[in-house]
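Please study the sequence and the three-dimensional model shown below. The paragraphs that follow lead through one part of the fold step by step.

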Amino acid sequence: MSAVQLPVPAVSVKPVRLGAPGRGEDLLVRVSAPAAGQDLPVIVFSHGFGSSLDGYGPLADYWAAHGFVVVQPTHLDSRTRALPAEDPRTPDIWRLRVEDLRHVIDQLDTVEAALPGLNGRVDHSRIAVAGHSWGAQSASMLLGARIVEADGSVGEDLSDARVSAGVLFAITGIGGAALSPFAAEHFPFMSPDFAGLKAPTLIVAGDQDDSMLSVRGPDWFTDAYRLSPGEKSLLTLFGAEHSLGGISGYEAKETTDESPERVALQQRLTTAYLRSALIPGDDSWSGVEDSPLGRVESHE
(Lines give C-alpha, C1' and ligand atoms only; values in the text may rest on other atoms or scores of the structure.)
Protein backbone atom coordinates (compact mmCIF):
# COMPACT_ATOMS: atom_id res chain seq x y z
CA MET A 1 0.00 0.00 0.00
CA SER A 2 1.25 3.50 -0.84
CA ALA A 3 2.49 5.84 1.87
CA VAL A 4 -0.16 7.97 3.50
CA GLN A 5 -0.63 11.26 1.62
CA LEU A 6 -0.25 14.04 4.18
CA PRO A 7 -2.58 17.01 3.78
CA VAL A 8 -1.25 20.36 2.58
CA PRO A 9 -2.84 23.83 2.74
CA ALA A 10 -5.56 24.22 0.14
CA VAL A 11 -6.90 27.35 -1.51
CA SER A 12 -10.07 28.07 -3.46
CA VAL A 13 -11.67 30.77 -5.58
CA LYS A 14 -15.30 31.46 -6.46
CA PRO A 15 -17.19 32.24 -8.54
CA VAL A 16 -15.28 31.46 -11.70
CA ARG A 17 -17.37 32.13 -14.80
CA LEU A 18 -17.31 29.67 -17.65
CA GLY A 19 -19.01 30.11 -20.98
CA ALA A 20 -21.95 27.78 -21.48
CA PRO A 21 -23.58 28.08 -24.92
CA GLY A 22 -27.22 27.04 -24.96
CA ARG A 23 -27.55 27.30 -21.18
CA GLY A 24 -28.92 30.82 -21.09
CA GLU A 25 -26.33 32.09 -18.61
CA ASP A 26 -22.72 31.57 -17.59
CA LEU A 27 -21.79 28.56 -15.51
CA LEU A 28 -20.44 29.51 -12.07
CA VAL A 29 -17.90 27.18 -10.47
CA ARG A 30 -15.72 26.98 -7.39
CA VAL A 31 -12.12 25.84 -7.85
CA SER A 32 -10.14 24.34 -4.96
CA ALA A 33 -6.58 23.01 -5.08
CA PRO A 34 -3.58 22.25 -2.92
CA ALA A 35 -1.13 25.12 -2.51
CA ALA A 36 1.73 22.83 -3.54
CA GLY A 37 2.29 19.91 -5.87
CA GLN A 38 2.58 19.19 -9.58
CA ASP A 39 0.67 17.06 -12.10
CA LEU A 40 -2.50 17.43 -10.04
CA PRO A 41 -5.47 15.27 -11.11
CA VAL A 42 -8.93 16.83 -11.42
CA ILE A 43 -12.27 15.96 -9.80
CA VAL A 44 -15.41 17.56 -11.27
CA PHE A 45 -18.15 17.37 -8.63
CA SER A 46 -21.92 17.54 -9.28
CA HIS A 47 -24.04 18.61 -6.32
CA GLY A 48 -27.37 17.16 -5.26
CA PHE A 49 -30.73 18.80 -5.89
CA GLY A 50 -30.87 22.41 -4.70
CA SER A 51 -27.26 22.71 -3.56
CA SER A 52 -24.53 24.84 -5.16
CA LEU A 53 -20.81 25.40 -5.52
CA ASP A 54 -20.76 26.23 -1.80
CA GLY A 55 -21.83 22.74 -0.74
CA TYR A 56 -19.97 19.53 0.03
CA GLY A 57 -17.08 21.15 1.86
CA PRO A 58 -16.27 17.94 3.76
CA LEU A 59 -15.41 16.28 0.45
CA ALA A 60 -14.05 19.16 -1.65
CA ASP A 61 -11.81 20.57 1.07
CA TYR A 62 -10.40 17.17 1.95
CA TRP A 63 -9.72 16.18 -1.65
CA ALA A 64 -8.02 19.51 -2.36
CA ALA A 65 -5.81 19.15 0.73
CA HIS A 66 -4.81 15.68 -0.47
CA GLY A 67 -3.62 16.54 -3.94
CA PHE A 68 -6.64 17.08 -6.22
CA VAL A 69 -8.03 20.05 -8.12
CA VAL A 70 -11.76 20.08 -7.32
CA VAL A 71 -14.19 21.97 -9.56
CA GLN A 72 -17.78 22.43 -8.34
CA PRO A 73 -20.33 23.90 -10.75
CA THR A 74 -23.66 25.36 -9.64
CA HIS A 75 -26.41 23.66 -11.65
CA LEU A 76 -29.66 25.39 -12.65
CA ASP A 77 -31.70 23.51 -10.03
CA SER A 78 -29.71 25.20 -7.25
CA ARG A 79 -31.68 27.12 -4.64
CA THR A 80 -29.30 30.00 -5.35
CA ARG A 81 -30.70 30.23 -8.89
CA ALA A 82 -34.42 30.08 -7.96
CA LEU A 83 -35.30 28.98 -11.48
CA PRO A 84 -39.11 29.05 -11.84
CA ALA A 85 -40.90 25.85 -12.76
CA GLU A 86 -42.25 27.48 -15.91
CA ASP A 87 -38.76 28.31 -17.20
CA PRO A 88 -38.38 26.54 -20.58
CA ARG A 89 -35.08 25.04 -19.41
CA THR A 90 -36.64 23.23 -16.45
CA PRO A 91 -37.60 19.98 -18.27
CA ASP A 92 -34.05 19.70 -19.61
CA ILE A 93 -32.15 20.42 -16.40
CA TRP A 94 -31.03 16.79 -16.16
CA ARG A 95 -29.31 17.15 -19.54
CA LEU A 96 -27.99 20.64 -18.81
CA ARG A 97 -26.41 19.24 -15.64
CA VAL A 98 -24.41 16.79 -17.72
CA GLU A 99 -23.43 19.57 -20.10
CA ASP A 100 -22.30 21.67 -17.11
CA LEU A 101 -19.78 18.98 -16.22
CA ARG A 102 -18.60 18.81 -19.81
CA HIS A 103 -18.23 22.61 -19.96
CA VAL A 104 -15.85 22.38 -16.99
CA ILE A 105 -13.70 19.78 -18.74
CA ASP A 106 -13.76 21.77 -21.98
CA GLN A 107 -12.48 24.87 -20.16
CA LEU A 108 -9.87 23.47 -17.80
CA ASP A 109 -7.42 26.10 -19.07
CA THR A 110 -9.76 28.82 -17.77
CA VAL A 111 -10.25 26.93 -14.52
CA GLU A 112 -6.50 26.59 -14.07
CA ALA A 113 -5.86 30.28 -14.76
CA ALA A 114 -8.54 31.42 -12.31
CA LEU A 115 -6.70 30.27 -9.19
CA PRO A 116 -3.44 32.16 -8.56
CA GLY A 117 -0.46 29.84 -8.53
CA LEU A 118 -2.26 26.92 -10.17
CA ASN A 119 -1.12 27.49 -13.76
CA GLY A 120 1.06 24.68 -15.06
CA ARG A 121 0.32 22.35 -12.13
CA VAL A 122 -2.76 20.53 -13.46
CA ASP A 123 -2.69 17.26 -15.36
CA HIS A 124 -5.55 17.57 -17.86
CA SER A 125 -5.28 13.89 -18.75
CA ARG A 126 -6.32 12.68 -15.28
CA ILE A 127 -9.97 13.54 -14.73
CA ALA A 128 -12.62 11.97 -12.49
CA VAL A 129 -16.24 12.91 -11.96
CA ALA A 130 -18.13 12.60 -8.69
CA GLY A 131 -21.56 13.54 -7.43
CA HIS A 132 -24.21 13.03 -4.78
CA SER A 133 -27.81 11.93 -5.40
CA TRP A 134 -29.02 13.71 -8.56
CA GLY A 135 -25.41 14.81 -8.98
CA ALA A 136 -24.36 11.17 -8.94
CA GLN A 137 -26.76 10.44 -11.80
CA SER A 138 -25.38 13.45 -13.69
CA ALA A 139 -21.81 12.27 -13.17
CA SER A 140 -22.69 8.71 -14.14
CA MET A 141 -23.75 9.86 -17.60
CA LEU A 142 -20.17 10.87 -18.37
CA LEU A 143 -19.08 7.41 -17.23
CA GLY A 144 -21.42 5.63 -19.66
CA ALA A 145 -24.84 5.41 -17.99
CA ARG A 146 -27.79 6.43 -20.16
CA ILE A 147 -31.43 7.40 -19.71
CA VAL A 148 -34.24 5.00 -20.63
CA GLU A 149 -36.76 6.94 -22.70
CA ALA A 150 -40.55 6.78 -22.21
CA ASP A 151 -40.86 4.29 -25.09
CA GLY A 152 -38.35 1.96 -23.43
CA SER A 153 -35.48 2.75 -25.76
CA VAL A 154 -32.05 3.64 -24.38
CA GLY A 155 -31.20 7.29 -24.88
CA GLU A 156 -28.16 9.11 -26.18
CA ASP A 157 -24.67 8.17 -25.09
CA LEU A 158 -23.32 11.21 -23.20
CA SER A 159 -20.13 9.56 -21.97
CA ASP A 160 -16.84 11.45 -22.15
CA ALA A 161 -13.62 9.63 -22.99
CA ARG A 162 -11.62 12.26 -21.09
CA VAL A 163 -13.08 10.98 -17.80
CA SER A 164 -11.07 8.12 -16.32
CA ALA A 165 -13.07 7.21 -13.19
CA GLY A 166 -15.92 8.23 -10.92
CA VAL A 167 -17.27 8.24 -7.38
CA LEU A 168 -21.06 8.13 -7.09
CA PHE A 169 -22.57 8.92 -3.69
CA ALA A 170 -26.17 7.74 -3.15
CA ILE A 171 -26.88 7.35 -6.86
CA THR A 172 -30.52 6.60 -7.58
CA GLY A 173 -31.38 3.22 -9.03
CA ILE A 174 -33.34 2.11 -12.06
CA GLY A 175 -36.74 3.51 -12.96
CA GLY A 176 -39.90 1.84 -14.18
CA ALA A 177 -41.68 -0.19 -11.55
CA ALA A 178 -39.00 0.72 -8.99
CA LEU A 179 -40.13 4.37 -8.91
CA SER A 180 -42.74 5.71 -6.55
CA PRO A 181 -45.77 7.36 -8.22
CA PHE A 182 -44.40 10.77 -7.14
CA ALA A 183 -41.04 10.15 -8.79
CA ALA A 184 -42.60 8.70 -11.93
CA GLU A 185 -44.70 11.87 -12.31
CA HIS A 186 -42.12 14.51 -11.46
CA PHE A 187 -38.78 12.94 -12.44
CA PRO A 188 -39.30 10.93 -15.66
CA PHE A 189 -35.55 11.18 -16.40
CA MET A 190 -34.85 9.16 -13.25
CA SER A 191 -34.67 5.96 -15.25
CA PRO A 192 -31.01 5.12 -15.83
CA ASP A 193 -29.55 2.25 -17.77
CA PHE A 194 -26.19 1.14 -16.34
CA ALA A 195 -25.22 -1.32 -19.09
CA GLY A 196 -22.77 1.18 -20.55
CA LEU A 197 -21.22 2.25 -17.26
CA LYS A 198 -17.83 0.66 -17.88
CA ALA A 199 -15.40 3.22 -16.47
CA PRO A 200 -13.86 2.39 -13.06
CA THR A 201 -16.38 3.58 -10.49
CA LEU A 202 -16.85 3.58 -6.74
CA ILE A 203 -20.48 3.57 -5.60
CA VAL A 204 -21.21 4.72 -2.04
CA ALA A 205 -24.56 3.71 -0.51
CA GLY A 206 -26.19 3.88 2.90
CA ASP A 207 -27.93 0.78 4.19
CA GLN A 208 -30.65 2.97 5.78
CA ASP A 209 -31.26 5.17 2.72
CA ASP A 210 -34.98 4.54 2.32
CA SER A 211 -36.13 7.00 -0.35
CA MET A 212 -39.59 8.38 -1.13
CA LEU A 213 -38.55 8.17 -4.78
CA SER A 214 -38.59 4.39 -4.88
CA VAL A 215 -40.93 1.61 -3.76
CA ARG A 216 -37.84 -0.46 -3.03
CA GLY A 217 -35.63 -0.14 0.01
CA PRO A 218 -32.01 0.99 0.40
CA ASP A 219 -30.79 -1.65 -2.06
CA TRP A 220 -32.15 0.64 -4.82
CA PHE A 221 -29.03 2.75 -4.33
CA THR A 222 -26.78 -0.19 -5.20
CA ASP A 223 -28.23 -0.74 -8.70
CA ALA A 224 -25.29 1.05 -10.34
CA TYR A 225 -22.96 -1.49 -8.75
CA ARG A 226 -25.08 -4.56 -9.45
CA LEU A 227 -26.07 -3.68 -13.02
CA SER A 228 -22.93 -2.10 -14.50
CA PRO A 229 -20.41 -4.32 -16.32
CA GLY A 230 -17.25 -2.35 -15.67
CA GLU A 231 -14.59 -2.36 -12.97
CA LYS A 232 -16.50 -1.20 -9.91
CA SER A 233 -16.46 -1.10 -6.14
CA LEU A 234 -19.21 -0.61 -3.57
CA LEU A 235 -18.85 1.04 -0.18
CA THR A 236 -21.89 0.24 1.98
CA LEU A 237 -22.13 2.53 5.00
CA PHE A 238 -23.82 1.00 8.02
CA GLY A 239 -26.59 3.15 9.50
CA ALA A 240 -26.28 5.82 6.80
CA GLU A 241 -29.23 7.64 5.27
CA HIS A 242 -29.25 9.76 2.11
CA SER A 243 -26.81 12.41 3.36
CA LEU A 244 -24.37 9.63 4.25
CA GLY A 245 -23.52 11.14 7.61
CA GLY A 246 -23.25 14.74 6.41
CA ILE A 247 -21.15 14.95 3.23
CA SER A 248 -23.25 17.85 1.89
CA GLY A 249 -21.90 20.39 4.39
CA TYR A 250 -20.25 20.96 7.74
CA GLU A 251 -23.50 22.22 9.26
CA ALA A 252 -26.05 21.09 6.70
CA LYS A 253 -29.55 21.32 8.17
CA GLU A 254 -30.85 18.57 5.89
CA THR A 255 -28.51 15.98 7.38
CA THR A 256 -30.65 13.48 9.26
CA ASP A 257 -27.89 11.03 10.19
CA GLU A 258 -25.02 13.24 11.30
CA SER A 259 -21.87 11.20 11.79
CA PRO A 260 -18.41 12.80 11.59
CA GLU A 261 -16.90 9.32 11.78
CA ARG A 262 -18.85 8.17 8.74
CA VAL A 263 -17.86 11.28 6.80
CA ALA A 264 -14.19 10.77 7.76
CA LEU A 265 -14.34 7.20 6.45
CA GLN A 266 -15.65 8.42 3.10
CA GLN A 267 -12.98 11.09 2.93
CA ARG A 268 -10.22 8.55 3.42
CA LEU A 269 -11.62 5.79 1.21
CA THR A 270 -12.68 7.99 -1.71
CA THR A 271 -9.27 9.64 -1.68
CA ALA A 272 -7.58 6.23 -1.76
CA TYR A 273 -9.85 5.14 -4.62
CA LEU A 274 -9.28 8.29 -6.67
CA ARG A 275 -5.51 8.19 -6.16
CA SER A 276 -5.35 4.60 -7.38
CA ALA A 277 -7.66 5.37 -10.32
CA LEU A 278 -5.86 8.50 -11.49
CA ILE A 279 -2.21 8.20 -10.44
CA PRO A 280 -0.17 5.48 -12.17
CA GLY A 281 1.52 3.15 -9.73
CA ASP A 282 -0.55 4.25 -6.73
CA ASP A 283 -2.02 1.27 -4.87
CA SER A 284 -3.78 3.08 -2.01
CA TRP A 285 -7.06 1.31 -2.77
CA SER A 286 -5.54 -2.16 -2.55
CA GLY A 287 -4.98 -1.71 1.17
CA VAL A 288 -8.56 -0.69 1.98
CA GLU A 289 -10.33 -2.92 4.49
CA ASP A 290 -13.79 -3.16 6.01
CA SER A 291 -14.48 -1.23 9.19
CA PRO A 292 -17.25 -1.16 11.83
CA LEU A 293 -18.72 1.74 9.83
CA GLY A 294 -18.86 0.14 6.41
CA ARG A 295 -18.12 -2.72 4.03
CA VAL A 296 -16.18 -2.63 0.77
CA GLU A 297 -16.68 -5.04 -2.11
CA SER A 298 -15.27 -4.95 -5.63
CA HIS A 299 -15.85 -6.59 -8.98
CA GLU A 300 -13.72 -6.43 -12.10
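In this predicted model, strand β3 (residues 40-46) runs parallel to strand β4 (residues 69-73), and three bridges join the two. One point of this pairing can be located exactly: valine 42 has valine 69 of β4 as its bridge partner. The connection between these strands involves a helix, for β3, helix α1 (residues 57-65) and β4 together form a β-α-β unit, and this unit is right-handed.

β3 has a further partner. With strand β5 (residues 122-132), β3 pairs over six bridges, again in the parallel sense. Here phenylalanine 45 lies opposite alanine 130 of β5.

How are the side chains of such a strand arranged? In a regular strand, they alternate between the two faces of the sheet. In β3, Leu40, Val42, Val44 and Ser46 point one way, while Pro41, Ile43 and Phe45 point the other way. Are these residues buried or exposed? On both sides they are buried, and β3 is accordingly described as mostly covered, with seven of its seven residues buried.

The helix of the β-α-β unit, α1, also meets another helix. Two packed helices are described by the angle and the distance between their axes. The axes of α1 and helix α7 (residues 260-278) come within 10 Å and cross at roughly 45 degrees; the two helices are therefore oblique to each other. The crossing of α1 past α7 is right-handed. On the α1 side, the contact is made by Pro58, Tyr62 and Trp63. The α7 side contributes Val263, Gln267, Arg268, Thr270, Thr271 and Leu274.

Definitions and conventions: Residues numbered from 1 in each chain as written. Predicted model: local features only at pLDDT ≥ 70, side-chain atom pairs only at ≥ 80, totals over all residues. Heavy atoms only, no water. Buried < 20%, exposed > 50% of the residue type's maximum accessible area, 1.4 Å probe, protein only. Helix = DSSP H or I, 4+ residues; strand = E, 2+ residues; numbered from the N terminus. Pairing = 2+ DSSP bridges. Right-handed = clockwise from strand over helix to strand, strands pointing away. Axes fitted to C-alpha atoms, helices over the stretch in contact; angles between N-to-C directions. Parallel < 35°, antiparallel > 145°, perpendicular 65-115°, else oblique. Left-handed = near helix turned anticlockwise from the far one by under 90°. Contact = heavy atoms within 4.5 Å.
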